[in-house]
Amino acid sequence: MKYSPVANALKLIGGKWKIMILDSLLSKHMRFGELKRSLNGITSQMLSKQLKDMERDKLLIKKVSKVETLNTEYSLTEFGKSTIPIAVSYTHLTLPTIYS
């Protein structure tokens with residue numbers, strides 16, 4: 001089934017958490033715990049699922065490094081960064097309905 005560009009965009013970044021994750025990762029790379037603390041109310045299970053979906057959709061990169069302990073860091077891909085204007089527009093559209 002072929003979707004419209006709007007439907008495709010919403011499939012990638014729609015929902016409560018993906019836009020907030022994009023916003024959190026816009027300015028810096030973050031580890032799982034940092035992301036969880038920055039997203040008030042998200043469960044570890046939901047964050048893990050959203051990050052896996054976003055990695056699958058090439059919106060972010062998961063970098064695992066082993067120094068003394070295992071560190072996992074998330075950052076936006078160029079494609080992920082390119083969705084920011086869409087996310088901002090989506091946020092501006094939904095804010096009036098949230099606060100009315």
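**Entry 1: terms and ground rules**

I take buried to mean under 20% relative accessible area, exposed to mean over 50%, and partly exposed to mean in between, with a 1.4 Å probe and protein chains only. The model is predicted, so I note that local features need pLDDT of at least 70 and side-chain atom pairs count only at pLDDT 80 or more, while totals for chains, interfaces and linings use all residues. Residues are numbered from 1 along each chain as its sequence is written, and side-chain values use heavy atoms, with hydrogens and water left out.

**Entry 2: the chain as a whole**

I looked up the elements and found six helices and three strands in the protein chain. Helices (H or I, at least four residues) and strands (E, at least two) are DSSP runs, numbered from the N terminus. From that end, the order reads α-α-β-α-α-β-β-α-α. The protein chain has 100 residues, and 30% of them count as buried. I noted an exposed surface of about 7000 Å² for the protein chain, 58% of it supplied by carbon and sulfur atoms; the areas come from the Shrake-Rupley method with a 1.4 Å probe, and for residues only the protein chains shown count as cover. A contact means heavy atoms within 4.5 Å. Among contacts with a separation of 6 or more, 45% are between residues 24 or more positions apart.

**Entry 3: the sheet**

In what order do the three strands form the open sheet? I read it as S1-S3-S2, with antiparallel pairing. Two strands pair if DSSP finds at least two bridges between them. S1 (residues 30-31) is joined to S3 (residues 70-76) by two bridges, and Met-30 stands opposite Tyr-74 in S3. S2 pairs with S3 over seven bridges. In that pairing I found Lys-66 opposite Leu-70, and Leu-60 has Leu-76 as its bridge partner. S2 and S3 make a hairpin, with three residues between them.

Why is one side of S1 and of S2 left without a neighbour in the sheet? Both stand at the edges and each has a single partner strand, so one side of each has no neighbour there. Helix H2 (residues 16-26) packs on the sheet and touches S1, S2 and S3. Its direction makes about 100 degrees with that of S3; axes are lines fitted to C-alpha atoms, for helices over the stretch in contact, and angles run from 0 to 180 degrees between N-to-C directions.

I also checked Ser-75, which is in strand S3. Ser-75 is buried, at a relative accessible area of 11%. Not counting residues up to four places away in sequence, Ser-75 touches His-29, Leu-59, Leu-60 and Ile-61.

**Entry 4: the nonpolar core**

A nonpolar core is a set of buried Ala, Val, Leu, Ile, Met, Phe, Trp, Tyr and Cys residues joined through side-chain atoms within 4.5 Å. The largest one has 19 residues, and those touching the most other members are Ile-21, Leu-22, Leu-25, Leu-35, Leu-39, Leu-47 and Leu-51. H2, H4, S3 and helix H6 (84-98) each supply at least two residues of this core. H2 gives the most, with five residues. I followed Leu-22 outward: beyond four places in sequence, its contacts include Ile-13, Met-54, Leu-76 and Ala-87.

**Entry 5: salt bridges**

I counted a salt bridge where a side-chain nitrogen of Lys or Arg is within 4 Å of a carboxyl oxygen of Asp or Glu. By this rule there are four.

Which residues are linked in a network? I found Lys-49, Asp-53, Arg-56 and Asp-57. Between Lys-49 and Asp-53 the closest N and O atoms are 2.8 Å apart; for Arg-56 and Asp-53 the figure is 3.4 Å. Lys-49 and Asp-53 are separated by about one helical turn because they are four residues apart in helix H4. Lys-49 is partly exposed at 45%, Asp-53 is buried at 12%, and Arg-56 is exposed at 53%.

Asp-57 lies in the loop between helix H4 (44-56) and strand S2 (60-66). Asp-57 counts as buried at 18% relative accessibility. Its contacts beyond four places in sequence are Leu-12, Lys-18 and Phe-79.

Lys-81 forms a salt bridge with Glu-78, with closest N and O atoms 3.6 Å apart. Both lie in helix H5 (residues 78-82), three residues apart. Lys-81 is partly exposed at 39%, whereas Glu-78 is exposed at 61%.
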